Each structure stands twice: as C-alpha cells, then as structure tokens.
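User: I'm new to this one and would like a close look at a single part. Could you walk me through the sheet and what packs on it, then a helix pair?

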Amino acid sequence: MPKQPNHSLDNAIEALDLVKAYPTGRGTPPVHALAGVTLSVRPGEVFGLLGPNGAGKSTTVKILSTLTQATSGRAVVAGHDVATDPDAVRHAIGLVSQRASSAPMMTGRESLMLAARIHGLHRREAARRSGELLERFGLVAAADRLTRTYSGGMQRKLDVAVGLVGQPTVLFLDEPTTGLDPEARSQMWEEVASLSRRERLTVLLTTHYLEEADHLADRLVIVDAGRVVAEGTPEALKSALQGDSVILELADVSTGSVAAQRLSNLPMLLDVTQEGKVVRARATSGTTALPVVLADLEQA
C-alpha cells in the first residue's frame, strides 16, 4: 500500500481521496475514472503521474485544474480549494492539455497575444510577454507563421509557452511529449526541467512513458484503474524491483501482441507488458532468461 502523503498548507498541490464516477444511465453501477486518489506536491517540484492509458491521469488533472468536479474528495491547488474557489485556482495555474491549444489559422505570436489578453495583460505588456516567450522557446523565426505550418515539436513548445503566459505558480502538463520524435522530446524534457530549476515552478506531469517519468520527476505516483498503486522517487521505485528488465522490440504491433502472449507463459518472466511493438518483462536473471526468450520466439 502506498504511504499517505504529508498534507500541509505548504504544499503546492494536495488531493485527498478524489473520486470521479460517471453514471451509465442504464441501471448499472457508475463507471469510476478515479476511485480515491491521494497525493501531495511540494513547491518547485516536478511531480509525475505515471500510468497506462485510461488509468485516470487526465481525469486527475481536469479536477485539479477546475475543468471538472470530483464526485467526492477534496483538492487544494496553490492554497485554494478547487471546488469552492475555482477562479483563484485558475489565476494561479497554467495548463497544457494533450491537444494543441492554439488555433491553426493564427500565428504563434497571435496565439500568445490572445492568451495574454485573456489573462488581463494590457496590449503593450502582452506584446512584451509574448516576445519573451517566443525568444525563450526558440520560436522567434516562426512567430508570424500560421501554427498549422509548425512541426509537432514547435507546436508543443508553443502550447507550453501559452500555458506560461500568465506566469503561473503551478503548471499542469498532460502528456506533453506524446507523438514527438526523440529529438523534440529531448528538447521538451530540457525545458520542463529548467522551469522547475530556474523559476521554482511547480510542475505536475502526466505520462505513460517510463523513461520520461524517470528523467524528469523528483517524485511520482503510479496510477492504475483510478487508484494510486505506488509512490516515491524514481530511484526508490526502481530499487524495489528485483532482477533485470527484458525489453524486446518486434516488427509491428500485431507481432508484439503475439510475442507478449507467448512470453506470459514463461515461468522465468514476470510482469509481461506490451506497449505497441515493444514487449517488457522482468526476470531474476536477464542473462539466463534472454536465450530462452529468443528461442521461444524463434519457435513461433
């Protein structure tokens, strides 16, 4: 069982027993997207929310950012209760959702100016802030191009810049690197790390990439089926796993699925999972297991 977090008014984010249930309307029990999520995030910390698709990560972010209300439980962000004082929460946070936040027929500069004006900045201050963010994210050369011409990496940089326009104290990043190529992902990692290091900005990051949580998060929780199943630093969580990792990349997703099914039957492998065409497992001894694994796949 994960330990209970140390709740304190000094924490930037606190959530206690968050439940989100969606009625089915068919006389059947409601569907629970969250079934009692509890967590706390310290100021200036990069906190990871790790789990597979459908685990409840985005629902947690929606509740903490006031986009939806919890069925039960309590959450406090930047010292404000998300249920009773949502306006104060919105003034204190930035949100980068999974989908692009800028209009494709606007330029990067126009997107930032619009966001700044919505945040209440006067035109001159909005222009100054927009220019500052374009410079910071290396988008000056593309500032006056339509955002529909941006690459995936440029688009995500602009999304983060839009999330920072209001100079928030807490930033929510909901799977910010999904779909990016390795170079763009690495650049985004560097920027996220610098946000916390240079500005003491609190960042809550959701991801289903193990390496992303390991690289960025000071602490993290792992959620599955709407519950927290593990909590701690990346190093502590990795040290709790005995044995070696076995990682196999197959030709395509369907082959990966077949391989995962076969390898699940090998007694020397534990926790066999599939992510696209990549199959992961744990073994007491990877050196011993790997020849057996390859032989089994060769037979198939």
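Analyst: Here is a walk through the sheet first, followed by the helix pair. Keep in mind that this is a predicted model.

Let's start with the sheet. It is an open one built from six strands, and going across you meet them in the order β6-β7-β8-β3-β9-β10, with mixed pairing. At the edges sit β6 (93-96) and β10 (227-232), each of which pairs on one side only. From one strand to the next, the twist averages 15°.

Now zoom in on one pairing. Strand β3 (residues 46-50) runs parallel to strand β9 (residues 219-224), and four bridges join the two. If you want a spot to look for, find G48, which stands opposite L220 in β9. Helix α1 (residues 57-64) packs on this sheet, where it touches β3, β6, β7 (170-174), β8 (202-207) and β9. The direction of α1 makes about 150° with that of β8.

On to the helix pair. Helix α3 (residues 108-118) packs against helix α4 (residues 123-136) at an angle of about 130°, and their axes are 9 Å apart. That angle makes α3 oblique to α4. The crossing of α3 and α4 is right-handed.

Who does the touching? On the α3 side you'll find R109, L112, M113, A116 and R117, and they meet R123, A126, A127, S130, L133 and L134 in α4. Sorted by class, the contact of α3 with α4 has seven nonpolar residues, one polar and three charged.

Note on methods
Residues are numbered from 1 along each chain as its sequence is written. This is a predicted model: local features need pLDDT of at least 70, side-chain atom pairs count only at pLDDT 80 or more; totals for chains, interfaces and linings use all residues. Side-chain values use heavy atoms; hydrogens and water are left out. Axes are lines fitted to C-alpha atoms, for helices over the stretch in contact, and angles run from 0 to 180 degrees between N-to-C directions. Angles under 35 degrees count as roughly parallel, over 145 as roughly antiparallel, 65 to 115 as roughly perpendicular and the rest as oblique. A crossing is left-handed if the near helix is turned anticlockwise from the far one by less than a right angle, and right-handed if clockwise. Contact means heavy atoms within 4.5 Å. Ala, Val, Leu, Ile, Met, Phe, Trp, Tyr, Cys and Pro count as nonpolar, Asp, Glu, Lys and Arg as charged, and the others, Gly among them, as polar. Two strands pair if DSSP finds at least two bridges between them.
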